[in-house]
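Here is a guided walk through a structure that may be new to you. Keep the sequence and the 3D view open as you read.

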Amino acid sequence: MQPKQSVHPRLARQVAQELYQHMALYGYDLIELPVIEPADLFLIKAGDQAIGKLFTFEQHGRQLALRPEFTAAAAYRYVQLDSDDVVRWQFCGQIFEDDPNGSSGDYQRLSIGAELIGLSGTAADAEIISMAARGFDRIGIHNWRVTIGHTRLMRRILSRFGLDSRMERFVLNHLPALADPHKGKPFILEQLDRFVLGGSVLARSDEINPANTLETLLDVLSRTRTMGGRTHQEVARRLVQKRQHSAERPQIIHALDELECWNAVNDPPAEAFKIMDSLVAPEDVASRQTLAEWKQTVQLLQAYQIPDENLTIRPNLARTWAYYTGIVFELTADGRHVGGGGRYDEMARLLGSRRDVPAVGFAYYADHILDLLPAETYISPFLVTISFAPENALAAAIWADHLREQHIPVCLMPPGQARNGSPLLVVDEQQRISFGAEVFSLSDINRLASLLGNQP
Amino acid sequence: MSDNLLTLALPSKGAIADPTLNFLRDCGLRVEKPNQRQYTGLMPAIPNVAILFQRVNDVLYKVADGTVPVGITGLDVVHEHPHQDVLVIHDGLGYGHCSLVVAVPETWADVDSLLDLADIALDFRENHRQTLRIATKYPTLTRRFFHNQGIHHFTLVNAEGAIEAAPTLGYADIIVDVTQTGTTLRENHLKVLPDGIIIESQACLVGNRRILREKPAMLNTLRGLLEYIDGALIGRNYYQLTVNIQGDDAESVARKVAGNPVTQGLQGPTIAPIYGTQPDSRWHTVMVIVSGKKLLEAVEYLRDIGGTQTVVTPVRYVFMEQSPTFARLLEALR
């Protein structure tokens, strides 16, 4: 099976060109990024599902990967620049995903998007979201919608429950399951007991009772040296942490209860913010501040002509909680996901920066977009056919060359194989060419070019 | 070269080299190596089989690239180097058992499972600013296993030789390696995670799918080889019992013997009258094949129905209507 975009490569190129010009209006410059990068670059960022699809290979002892997306590579490029400058980059190119089931054979897709790195705040968030959404108008897709969530707000809500970072991550990753009527809280608690606490809670509590923990701690500390890159203190600290995980179960239940209320929010901005205002405790200043910023972003979107009726606010929108730190959003059209993005301020540090670098970006799922565009959206390019018998090949070549000099696209074809709908010229044995009822000699080239140039 | 000549690659050294020769000998397929320094040998039982000795990994590579059509290697090697032309013809030759396992330092008292290891991997990334380093000779299987377990932040350290020493020497944090008993790991202060068994391996017979499809004469030689192997492997599971039992006639003895599924044999008991010194002795000799696992149960049952003087002999071969492995191979080649 051919990659999807190769079915209509011209359409893909035209869409890419339109989107390039659209993003250039916002000051985004095209950046070229490597197709092959160290695999770690993508492993740091990717969620579990993406990692399963990563193409990796080894070369000279280095683990490399075909890029599955552009964001990590763009952030890495910025880190390497070691600069405080604000950069606006847009990208366009093939990305690669394995197909674990092996059924489609469709391993590469066109990805188009942008990254705004070095700028924090609601203005930057609004710029990226509006640019992404308005791009659809530019290419003729008008029924788009944007769903917006906020990972930082959800983290702030969760922070009230005093969970450690791993338990917090566990809860955030299970927000979709909490909203799923077939799963819900019982499923999440089962997962917690099975995969995080490692067995039944009772059994675990028994195993990690204070006496056992102390005994094991003493055993660890009595050894003269440790192995495998960890210190005695780290091992001991984690033993204590494991005990704490068991103790955190009641807080997790409270947190899930609270998050169920947030999960129910999936509304237009006015209604959603009203509900969320009532959910944030008055004394929770940090969450109130984050919520206010979120509202401000949505207000800015109105200035960018993003109507409220095209917006949905959904605080639990999960796009890889592992590295998004603020706004997250998804773009849909005709019920299909056609893009998404978000803020990822901590990623630069993971890639070796000495500081966090504010960054927000998005990518279009170009193959989905191409599927949505009707084929007639883009007409075939104008092309003239010169039909010639073998004995007239020389004359045909001369005519073709002269017409191309006049900027007329020409292809040569044997008799009877003209393209459908293409103006047809026929070379005769006197080296003349006929177009319809008219016959031209080479000295009439300007008149012929003019006639052809006026063709619809 | 004759069309029906089948070259069989065998491991020349390593843990399964000698056991492979022993296994083939027990199947009645003794391998002759005219010169210890040569890499070729013969199989007198099937003259159309030529033997090529290769290192255990090279056996697989040679089968994969079609240099030889079939070979015996380890399942761990096959899974580590998947190749579309390599077909596992028999995945359980019954020797060379080992497990590919995840082992961590004993001093990691807080790590009892892969869940703990997932936590540690994140710790390394977030607090050590490096990834968990795993020393292994099995990068493909290790990578797939860890990703499937939700552990994504690690670096594979390719190592040969004494991998068990890697955490002590400091060039890796944990290891993934094959083990038979776990003794070497324990001696190196490593512990196997109970849920860290990546695959259970043993010796297996592999073939090149493309070549076997294209060369029916060679496939027919392979059929002979598989007849011996299947016959011997199936035969290992059975004993032949010969027992004397009294009864009015063969039919009544047969009914008694077949009264227990354990002594029903492969098709049923074979019964013959004993022509003893006394007339009307009513003794019959019963011959029946029983499963090795049920041997004592069978003997006791036969005693209960009056059996005596039970003689048990191992079964060298059981040839079914056709070699089951060859039937599966034909199916896979279709």
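Is His189(B) buried, exposed or partly exposed? His189(B) counts as partly exposed because 17 other C-beta atoms lie within 10 Å. For this count a residue is buried if 20 or more other C-beta atoms lie within 10 Å of its own, exposed if 12 or fewer, and partly exposed in between, with C-beta atoms placed from the backbone.

A word on the model before going on. This is a predicted model, in which local features need pLDDT of at least 70, side-chain atom pairs count only at pLDDT 80 or more, and totals for chains, interfaces and linings use all residues. Residues are numbered from 1 along each chain as its sequence is written, while chains are lettered from A and ligands numbered from 1 in the order in which they are written.

**The two chains**

The table sets out the totals for each chain. Helices (H or I, at least four residues) and strands (E, at least two) are DSSP runs, numbered from the N terminus.

| Chain | Helices and strands | Buried share |
|---|---|---|
| Chain A | 20 helices, 16 strands | 35% of 456 residues |
| Chain B | 12 helices, 15 strands | 39% of 334 residues |

Two residues are in contact if their C-beta atoms, placed from the backbone, lie within 7 Å. Among contacts in chain A with a separation of 6 or more, 70% join residues 24 or more positions apart. For chain B, that share is 69%.

**Sheets in chain A**

Let us turn to chain A. Two strands pair if DSSP finds at least two bridges between them. Five strands build an open sheet with mixed pairing, in the order β13-β12-β14-β15-β16 (chain A). At its edges are β13 (410–413) and β16 (438–440) of chain A, each of which pairs on one side only. From one strand to the next, the twist averages 30°. Angles like this one run from 0 to 180 degrees between N-to-C directions, and axes are lines fitted to C-alpha atoms, for helices over the stretch in contact.

Inside this sheet, β12 (residues 384–387) of chain A runs parallel to β13(A), and 4 bridges join the two. Thr385(A) has Cys411(A) in β13(A) as its bridge partner. Helix α19 (residues 393–405) of chain A lies across β12, β13, β14 (424–427) and β15 (433–435) of chain A, and runs at about 165° to β13(A).

Another open sheet of chain A has 3 strands in the order β2-β4-β3, with antiparallel pairing. Its edge strands are β2 (36–38) and β3 (56–59) of chain A, each pairing on one side only. On average, neighbouring strands of this sheet are turned by 40° against each other, direction ignored. The antiparallel pairing of β3(A) with β4 (residues 62–66) of chain A spans 4 bridges. Gln59(A) stands opposite Arg62(A) in β4(A).

**Helices in chain B**

Now for chain B. Helix α4 (residues 114–128) of chain B has 15 residues and reaches 19 Å from its first C-alpha to its last. That is close to the 21 Å expected at 1.5 Å a residue, where the expected span is 1.5 Å times one less than the number of residues. Among the buried residues of α4(B) are Leu114(B), Ile120(B) and Phe124(B).

Two packed helices are described by the angle between their axes and the distance between the axes. The axes of α9 (residues 216–235) of chain B and α12 (residues 324–333) of chain B come within 8 Å and cross at roughly 135°. That makes α9(B) oblique to α12(B); angles under 35 degrees count as roughly parallel, over 145 as roughly antiparallel, 65 to 115 as roughly perpendicular and the rest as oblique. Arg223(B), Leu226(B), Ile229(B) and Asp230(B) of α9(B) make the contact with Pro324(B), Thr325(B) and Phe326(B) of α12(B).

Ala327(B) also lies in helix α12 of chain B. Its C-alpha atom is separated by 9.2 Å from that of Arg223(B), 104 residues apart along the chain.

**Two positive phi angles**

Most residues other than glycine have a negative phi. Asp82(A), not a glycine, has a positive phi of about 50°. Asp82(A) sits in the loop between α5 (71–81) and β5 (87–96) of chain A, and counts as exposed because it has 9 C-beta neighbours inside 10 Å. His189(B), met at the start, has a positive phi near 60°. His189(B) is found in the loop between α7 (183–187) and β10 (190–201) of chain B.
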